[in-house]
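Grab a pencil and work through these exercises one at a time. Try each task yourself before you read the solution.

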Amino acid sequence: MNQTEISCKDYRLRNLDEQGSSTTRKETLFRFFLIAAAIISVSIVMGIFVSLLFGSWKSINEFGLNFIWSSTWNPAAKQFGALPFIIGTLSTSFLALLISAPFSFASAIYLSLYLKNGWFSGLLKFSVELLAGIPSIIYGFWGLFVLVPIVRSFEIKLGFIPYGVGVVTASIILAIMIIPFASSMASEVIKLVPQDLKEAGFAMGATRFEVIKNIILPYASGGIFSGILLAFGRAFGETMAVTMVIGNSNIIPKNIFSPANSMASVIANEFTEARGNLYLSSLIEIGLLLFIISFIVNAIGNRIMKKMTVKK
Amino acid sequence: MENDILKIENFYAYYGTICILQNINLRFTKNHAISILGPSGCGKTTLLRCINRMHELADDASIKGKILLSGKDIYDTEPMLIRRRIGMVFQKPNPFPTMNIYDNVIAGYKLNSIKLKRSESDKIVEESLIKADLWEQVRDNLYKRGTFLSGGQQQRLCIARALAMKPDILLLDEATASLDPKATSNIEKLINQLKHSITIIVVTHNIAQAARVSDYTAFLYSGELIEFGKTGDLFTIPKDKRTEEYLTGKFG
Amino acid sequence: MEKRLKVRQIKDKLFTVVMALFSIAIILPLFFIIFYIVRNGAVEIDWHFITSLPKPVGEIGGISNAIVGTTELIGIATLIAIPIALFTGIYMKEFEKSKLAAVVSSLTDLLQGVPSIVIGIVCYLWIVLPLRSFSLLSGSVALAIMMLPMIIKSTYHSLKLVPDSLKEASLALGTPYYRTVMKVIVPAASSGIITGIILSISRVAGETAPLLFTAFGNPFMNLNITKPVNSLPLLIFNYATSPFSDWQKQAWGASLILIIMVSALNLASKIMEHKWKTTY
């Protein structure tokens, strides 16, 4: 047999035979790193939930479910009920969705079905991306100095108390902020509608409006719902912009022009000043509520989106 | 036989419980070209991937039997070491997109962190590119990314990359399937040049190509080795009816 | 029949016009916001503003501590986030079918949706309480947690675009698996991965809420990771809500600088995406 000739011709290559075991060790180490990183990522999320739960334990023990139903938030009397903030968050988020819906829907339809190219669609896309990139603190700042006076003058005309700050101001700012997200969600949903379905519609002589109304919207309804849900998920956790224009009043708003407070902004305003464990614990429980709501909203929204994608 | 570089003995390959290859027995002679021929799905690519232990990369893959490289069972050694000695060229050219041509050729050394002097690596690159018949076309562009090359040139770059490792055997898995006729004939010419200095195993479903490039041909059909012999014999007087039917275009 | 078609066509036209009008309306707020910030901010910015520390009301100070602080926060956050996110992303791609990968995938989706203020609370509990001080470190960790899902996702998606044939080519050369991943697959996906990292930096650069009770803010320059530190968004928040018109003016200047920073990062990611794109 001419084994010597056939086995490694090059000294350096032969030398590698001895590297075998160190390679295996490195291989194992590499896999270990990968798994370790994945476990760290998972434990951070789990850790967030557990820490919030532990942090709010005092308040959960003290108030139980009453925490959600009670409308008194009085740190001096050690009475903590989150209802005003829950209502504040829900009303601003829903109002923001309502305001932003036609705009984001229109821009999505316009961009994905009418104007696929050209300078106007380029400008529109660029603007939507820029809007998405502006930090929320700047929206809040702008809102405080530009939008609040405008709303105030409207309130004077309409005969409301001219706070300027309040539910409606926060909702407008929120609406501007979620338009980019909602619009890109809507485009994605429209993209999920199979091309041949649309073409079938056009082939039957339908106008674009009819194709949109009768084919695209019914097909995409699930996606639109989940898009709304995910956009809501964006809006309700927004902190800074809302904090600066909502008025920070810890009572349930009487109408949409009243000042109010949202869950995120009460944490932002009072967390560092909270004296006493129960006060801090109550604020953390609001954080826990935010976490849980975001969990539910995103889980449902993402599941529907995934299903849509698979169906295609 | 003295010159058997590769022996396959009672070899079986599986995906999960599905048997892809059954009871394959083959001997390959040193410095010849052998083609493995058969209709798609017959297991010819799996056989090739078993020879350099790429088959086991699939999650549920398993094997039974022996493959002996110069008398030593390749399934007793580190797969990495086997793959360095048995080079492979794939169906689609796959040069490394982030490396320039020079680095692509020397990639086997770089990726295995084998230290080379500049003069040595220069020599290996030049030799390999000359062997792959690409040197004249790229010598002035060695430090450009390999992706600007044509498909045929990219495939020859991949051959140079495999040759740079100075392998005992070169495996070509339908290496011309994605190329145009001109590039295909160039690669075939190259195989005919190379086969005097290295053992080449070619998987193809192109009957004419097997006839043009190989000294021996193995015909596989649904996981079984039907016939193996000198290419000339197998093509003119096939012993098995299935071989004859395949060669005359009755199926496949 | 003729008449019905006319009606349908008119409806179609009307719909188009309405859609176009709503779309144009989106640009308006953007224009207003940029207009106000540039108009009010540009007059504030000069060399003194960028290089000096804040001064008491009445004296003209600068925002150098906030610019340095933001850079420190982002830098440390990136250092923390990249290794974890990169390896997690690689894990998700390489062990795609494993149970853990499915858990990681859904939890990163979840983490992306968690309101940033909540992450601030958690970093307060994890780091500020044990250290008994607001700190640069706690702020950086908060930002790092926010960067994680973005980098994990972009890494995973860029790795998925790398064709399997490259992996095979490398393995067939006898390259060990870990080298194949780190020297062939990750470099091939690098433009996408780096784009994701830059985008995630630009997202957290403007974050305020998670810093309120972690980095906290600081009127002085700070380079110590266990001490509180200022950042541009925190400074804007504190100055904007202050009663002093000098500070409010400076907040406009700081806003303009922040917007320029964020836009530059976005632009950089765009350029990365186009110029460095790997073709397979």
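**Exercise 1. Work out the order of the strands in the open four-stranded sheet of chain B, and find its edges.**

Solution. Keep in mind that this is a predicted model.

Step 1: Walk across the sheet and you meet the strands in the order β2-β1-β4-β5, with antiparallel pairing.

Step 2: Look for strands that pair on one side only; these are β2 (18-29) and β5 (72-73) of chain B, the edge strands.

Step 3: Now zoom in on β1 (residues 4-15) and β4 (residues 61-69) of chain B, which run antiparallel and are joined by eight bridges. To pick out one such pair, start at Leu6(B): its bridge partner in β4(B) is Leu69(B).

**Exercise 2. Describe how β9 and β10 of chain B are connected.**

Solution.

Step 1: Check the pairing. β9 (residues 216-221) and β10 (residues 224-230) of chain B pair over six bridges, in the antiparallel sense.

Step 2: Find a facing pair. Opposite Thr217(B) you'll see Gly229(B), which belongs to β10(B).

Step 3: Look at the link. There are two residues between β9(B) and β10(B), and the two strands form a hairpin. In the turn, Ser222(B) has a positive phi of about 40 degrees.

**Exercise 3. Decide whether Ile106(B) is buried or exposed.**

Solution.

Step 1: Locate the residue. Ile106(B) sits in the loop between α3 (101-105) and α4 (107-111) of chain B.

Step 2: Count neighbours. Ile106(B) has 23 C-beta neighbours inside 10 Å. The cut-off for a buried residue is 20 or more, so Ile106(B) counts as buried.

Step 3: See who surrounds it. Skip the neighbours within four places in sequence, and the contacts of Ile106(B) are Ser121(B), Ile124(B), Val125(B) and Ala164(B).

Step 4: Add a partner from further along the chain. Arg161(B) is 55 residues away from Ile106(B) in sequence, yet their C-alpha atoms are separated by 6.5 Å.

**Exercise 4. Find out whether chain A is as compact as the globule rule would give.**

Solution.

Step 1: List the parts. Chain A contains 13 helices and two strands.

Step 2: Compare the radius of gyration with the rule. For 312 residues the globule rule gives 20 Å, but chain A comes out at 27 Å, well over that value, so the chain is more spread out than a compact globule.

Step 3: Look at the box. Taken along the principal axes, the C-alpha atoms of chain A fill roughly 105 × 65 × 35 Å.

Step 4: Check the inside. Of the 312 residues in chain A, 46% are buried. Among contacts with a separation of 6 or more, 74% link residues 24 or more positions apart.

**Exercise 5. Now do the same kind of check for chain C.**

Solution.

Step 1: Chain C has 11 helices and zero strands.

Step 2: The radius of gyration of chain C is 24 Å, well over the 19 Å that the rule gives for 280 residues, so chain C is also more spread out than a compact globule.

Step 3: The C-alpha trace of chain C spans about 70 × 70 × 35 Å along its principal axes, and 51% of the 280 residues count as buried.

Step 4: Split the chain. The domain assignment gives domain 1 (2-42) and domain 2 (49-275) of chain C, and their C-alpha centres lie 35 Å apart.

Step 5: Look where these domains touch. Five residues of domain 1 of chain C are in contact with five residues of domain 2 of chain C. On the domain 1 side, three are nonpolar, two are polar and none is charged.

**Exercise 6. Describe the contact between chains A and C, then look at the largest nonpolar core.**

Solution.

Step 1: Count both sides. Chain A puts in 63 residues and chain C puts in 67 residues.

Step 2: Find the main contributor on the chain A side. Helix α2 (residues 11-55) of chain A supplies the largest share, 18 residues.

Step 3: Sort the chain A side by type: 43 nonpolar, 16 polar and four charged.

Step 4: Turn to the core. The largest nonpolar core has 259 residues, and Val245(A), Met147(C) and Ile236(C) have the most contacts inside it. Helix α8 (residues 167-191) of chain A gives the largest share of this core, 17 residues.

Step 5: Pick one of those residues. Beyond its neighbours within four places in sequence, Met147(C) is in contact with Ala77(C), Ala81(C), Ala85(C), Ser200(C) and Val204(C).

Notes:
Residues are numbered from 1 along each chain as its sequence is written. Chains are lettered from A and ligands numbered from 1 in the order in which they are written. This is a predicted model: local features need pLDDT of at least 70, side-chain atom pairs count only at pLDDT 80 or more; totals for chains, interfaces and linings use all residues. Two residues are in contact if their C-beta atoms, placed from the backbone, lie within 7 Å. Ala, Val, Leu, Ile, Met, Phe, Trp, Tyr, Cys and Pro count as nonpolar, Asp, Glu, Lys and Arg as charged, and the others, Gly among them, as polar. Domain bounds come from an automatic or database domain assignment. A residue is buried if 20 or more other C-beta atoms lie within 10 Å of its own, exposed if 12 or fewer, and partly exposed in between; C-beta atoms are placed from the backbone. The radius of gyration is taken over C-alpha atoms; the globule rule is 2.2 Å times the number of residues to the power 0.38. A nonpolar core is a set of buried Ala, Val, Leu, Ile, Met, Phe, Trp, Tyr and Cys residues joined through C-beta atoms within 7 Å. Two strands pair if DSSP finds at least two bridges between them.
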